[in-house]
Each structure stands twice: as C-alpha cells, then as structure tokens.
Amino acid sequence: MKVPKKALIITYYWPPAGGPGVQRWLKFVKYLPQFGVEPIVFCPENPNYPIVDQNMLNEVPEGTTVLKLPIKEPYRFANFISKNKASEISSGVIPKAKKQSFIQKLLLYVRGNFFIPDARKSWVSPSVEFLSEYIAKNNIETIITTGPPHSLHLIGMQLKARLGATWIADFRDPWTTIGYHKQLRLSKSAKEKHLKLEQQVLQTADHILVTSNNTKLEFETKTSQPITVITNGYDTHKVARPEKDKKFTMSHIGSLLSERNPVELWQAISEVIDEYEDFRKAFQLNLTGVVSDDVLQSIYIHNLKEYVHLEGYVPHTEAIKAQMQSQVLLLIEIDSEDTKVIIPGKLFEYMISNTPIIAIGPMQSDVERIIKETNTGHYFYYDEKQRIKSQILLYFEAYKTNSLVTQPIGLQQYSRKSLTEKLSKLI
C-alpha cells in the first residue's frame with residue numbers, strides 16, 4: 001500500500017471560525033486523503049475570530065490531526081480603546097474616510113503601520129520554533145500557508161529557509177492590491193515594507209496558488225515562480241431543498257460593506273416598485289450578514305425600508321437554505337480595478353442553488369466570466385441601471401409563471417472534490 005504524502009497546512013481560519021475564510025482549506029482537508037495526501041492542520045489555539053460558527057466544527061473530518069499554538073493579538077488591546085470600533089475593523093467593516101471617527105482613524109493607522117503585514121505578526125516566530133521540531137520528527141515534505149492573514153506566509157518562508165521543505169503559498173486574496181489595503185492609512189515606509197515582504201514571499205515559495213485568473217496575471221509581473229489557479233468551489237451538503245419563497249425575494253447573503261453599495265440597483269428596484277403594483281405587493285429584499293450603515297442609508301433613501309428584511313450572520317447551513325429559498329440572489333462587488341480579481345466563495349454555492357444571480361461589479365472581472373460561462377445569471381456594471389431594471393422585470397415575469405429557474409453549464413469543474421484533485425497533483 002502506498003504511503004500517503006504528508007502536507008502541513010498553516011491557516012489562521014479554522015472551525016469554529018465562521019464566514020468564507022474557513023471554507024477553502026476545510027474542504028481541501030476533507031478530500032485530500034482520497035488523493036493520497038494526509039493533511040495536518042496548524043492553527044491558533046485562541047484566535048480572535050470576528051465571526052464564530054460552532055456548527056463548522058461538525059465539518060472537520062474525523063481523525064484530522066490539528067495542531068494548535070497560542071496567539072497574542074492586538075485586537076484584545078484595541079478593545080480597551082473601543083470594543084465596537086475594533087470589532088468592526090477586525091471584521092472588515094471600514095467606514096468611508098469622511099465618516100471615520102478619530103478612534104477609527106487611530107486604529108487604522110496603528111493597524112497599518114505598526115502591524116506589518118498584519119495583526120497576527122507576533123505568531124510568526126513562536127510558530128516557526130514549534131513547527132521546526134514537529135516537521136523534522138514527522139517527515140513532512142510539503143508546507144502550505146494560506147493568507148490572508150499574509151503573516152502566515154512569513155512562517156512558510158522561514159520554515160523553508162530553515163528546513164528546505166517544499167513550500168506552497170496560497171493567496172485567497174491579493175496582498176498589496178486588495179481594496180482595504182488603501183484604507184489602512186499607510187506611511188511611505190509601511191507601503192514599501194509591505195511590497196518588499198510580498199516580493200520575498202512570491203519569489204521564495206516553490207509554488208503559488210491563487211483563486212482567480214486576474215490575480216495570476218498580477219503575480220506573473222512580480223515573480224517567475226509557477227502559479228496555479230485553483231478557485232473556491234461548492235461542496236455536497238445535507239441541507240434539504242426547501243420550497244421557494246412565496247414572495248419575489250431578492251437576497252444578498254454575506255457582508256455588504258460601505259464601498260459595496262450599488263446605488264443603481266436600489267434606484268432600479270425603487271422605480272419598478274413605483275411603476276408596477278403587482279411587483280410592489282410581491283417584492284422583498286433580504287439582507288443576511290453584516291450590512292454597513294452607509295449601505296442601509298442608501299437603501300432607505302430610495303424608499304425601500306419597508307421592503308427590507310434584515311438578518312445578521314447565520315450559520316453556514318442556514319445560509320445555504322436561504323440561497324435555495326430565494327427567488328433571485330444578489331452578488332455585489334466594489335466597483336474598482338482592484339476587485340476584479342475577487343471571486344466570493346459564495347458564488348459557487350449560488351451557482352448550484354437553482355436560483356438565478358444578479359451580479360454587479362467591475363468590468364472584466366473573474367466573476368463576470370464565470371457567471372457567463374456557467375449560464376447561472378447576469379452580470380452588470382455599476383452604471384447599467386436600465387439593464388438591471390429590465391432584468392429584474394424579466395425575472396419577475398418568470399416568477400409569476402413559476403418558471404424562474406436556471407440552466408447551468410459545466411459546474412462540475414468547481415466541485416470541491418475536483419479542485420482538491422488538482423491541488424493534490426502539486427503536493
């Protein structure tokens with residue numbers, strides 16, 4: 001019998017973490033043994049997760065080796081200054097610059113300039129010491145780091161230098177070109193340090209993993225190391241398919257942050273409500289997850305408050321159920337050149353929900369390509385209010401005749417098992 005290869009996966013997000021960051025490597029760990037790889041997970045013992053979902057613990061495959069080491073995080077100190085503001089920033093809710101309080105500006109400045117590359121930097125040295133001994137004793141040949149937080153890549157880089165192991169660096173998001181990076185109030189020297197560390201990681205890792213074609217194109221200008229695109233994907237689940245909502249529900253599942261605010265969508269919906277009485281009676285806007293005050297104010301300004309059903313973070317199984325129940329799903333990305341590389345993990349769950357998608361984002365994004373190739377919805381740019389309005393009406397007419405379904409094409413390539421098989425060939 002062939003002895004499985006051992007792969008050490010260094011990740012910050014692991015159950016009971018909630019949100020999208022945990023899903024990618026949880027699913028890889030689930031399927032890697034089927035392809036001759038034994039995964040060993042290393043994560044913090046006492047992390048400061050902005051979202052906790054205890055149900056995710058049930059998703060960890062039985063028998064998985066999980067190593068843990070304590071971590072010291074500055075968010076606990078930041079809570080003494082302002083618990084609410086620190087919590088918002090740690091979860092990614094950053095108000096527009098004009099609306100930031102002095103405390104928020106201070107926290108962002110400290111986070112950006114004193115914690116490089118991020119707030120988990122203090123975990124690097126103790127992790128290297130702990131893992132050096134473990135790797136040597138357990139005959140581990142491949143180390144995988146996944147970021148953000150990108151400080152975890154520094155663990156991989158130091159372990160490679162010390163032990164000579166093969167190192168794969170997985171970027172779930174870019175580093176210096178990610179949208180929120182510009183909001184950290186970075187000094188010139190801090191920007192330079194980020195760029196230098198990014199360059200070192202990209203040039204030192206034996207292989208780079210990215211989640212989008214656009215990120216691959218960006219990184220190809222920064223390194224000659226091999227780069228492979230392995231997107232996020234969908235997995236089988238045990239959630240029974242519920243009946244569709246009786247109302248014409250349009251639902252957004254996940255965070256809607258300040259810059260992710262499609263005013264043209266709210267305008268389009270408002271106009272349809274004014275013009276069509278049957279739509280006005282049937283319509284409901286479901287927002288599940290963290291929604292910034294800026295977005296809510298924009299929605300309310302367009303006279304949609306009475307149509308909004310707000311629900312905070314829900315467990316992953318409930319999110320899947322909500323996707324299948326809805327009549328239409330909304331996928332919103334920031335209108336920026338930097339965000340065309342972002343493929344939200346929920347897109348792939350959206351695609352298998354049998355629910356049509358209305359996506360709004362920047363031109364030439366990976367999301368636009370995937371939605372068009374899989375025939376799972378329609379993609380719009382921020383200035384296309386009339387096209388958005390027309391599509392809402394088309395979906396509404398289909399809803400009235402009980403024919404609002406999708407006819408997806410080629411989804412199998414995005415199954416977690418297929419993606420894991422691709423990964424296994426690199427280990």
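The legends below describe close-up views of a predicted model of one protein chain.

**View 1. Overall fold of the predicted protein chain.** The protein chain, which has 427 residues, contains 15 helices and 13 strands. Of these residues, 56% count as buried, while the chain as a whole exposes about 19200 Å², of which carbon and sulfur atoms supply 52%. Among the contacts with a separation of 6 or more, 75% are made by residues that stand 24 or more positions apart along the chain.

**View 2. The second largest pocket and its lining.** The space in this pocket amounts to about 420 Å³, and 20 residues line it. Nearest the centre of the pocket lie K27, E59, T236, H237 and K238. The elements that give two or more residues to the lining are helix 1, covering residues 23-31, and helix 11, covering residues 316-325. When the lining of the second largest pocket is sorted by class, eight residues are polar, seven are charged and five are nonpolar.

**View 3. The aromatic pair of F171 and F219.** The structure holds 16 aromatic pairs, and this view shows the one formed by F171 and F219. The ring centres of F171 and F219 are 5.0 Å apart and their planes meet at 75°, which lies over the 60 degrees required, so the pair is edge-to-face. F171 belongs to strand 5 (residues 166-171) and F219 to helix 7 (residues 213-220), so that the pair links distant parts of the chain, 48 residues apart. Both partners fall below the 20% limit for burial: F171 is buried because its relative accessible area is 1%, and F219 is buried because its relative accessible area is 0%.

**View 4. The aromatic pair of F279 and F396.** In this edge-to-face pair, the rings of F279 and F396 lie 5.1 Å from centre to centre, with 75° between their planes. F279 sits in helix 9 (residues 277-282) and F396 in helix 14 (residues 385-400), and the pair thereby links distant parts of the chain that are 117 residues apart. F279 and F396 are both buried.

**View 5. The aromatic cluster that includes F279 and F396.** Ring pairs link F279 and F396 with F248, F283, Y307 and Y399 into a cluster. Two of the residues shown here, F279 and F396, also appear in the preceding view, where they form an edge-to-face pair and are described as buried.

Notes:
Residues numbered from 1 in each chain as written. Predicted model: local features only at pLDDT ≥ 70, side-chain atom pairs only at ≥ 80, totals over all residues. Heavy atoms only, no water. Helix = DSSP H or I, 4+ residues; strand = E, 2+ residues; numbered from the N terminus. Buried < 20%, exposed > 50% of the residue type's maximum accessible area, 1.4 Å probe, protein only. Contact = heavy atoms within 4.5 Å. Areas by Shrake-Rupley, 256 points an atom, 1.4 Å probe, with all protein chains shown as cover. 1 Å grid on protein atoms, 1.4 Å probe; cavity = no way out; pocket = protein on both sides within 12 Å on 5 of 7 lines; lining within 4 Å. Points joined across faces, edges and corners; volume = space filled by probe spheres on them. Nonpolar A, V, L, I, M, F, W, Y, C, P; charged D, E, K, R; others polar. Phe/Tyr/Trp six-rings, centres within 6.5 Å; stacked < 30°, edge-to-face > 60°.
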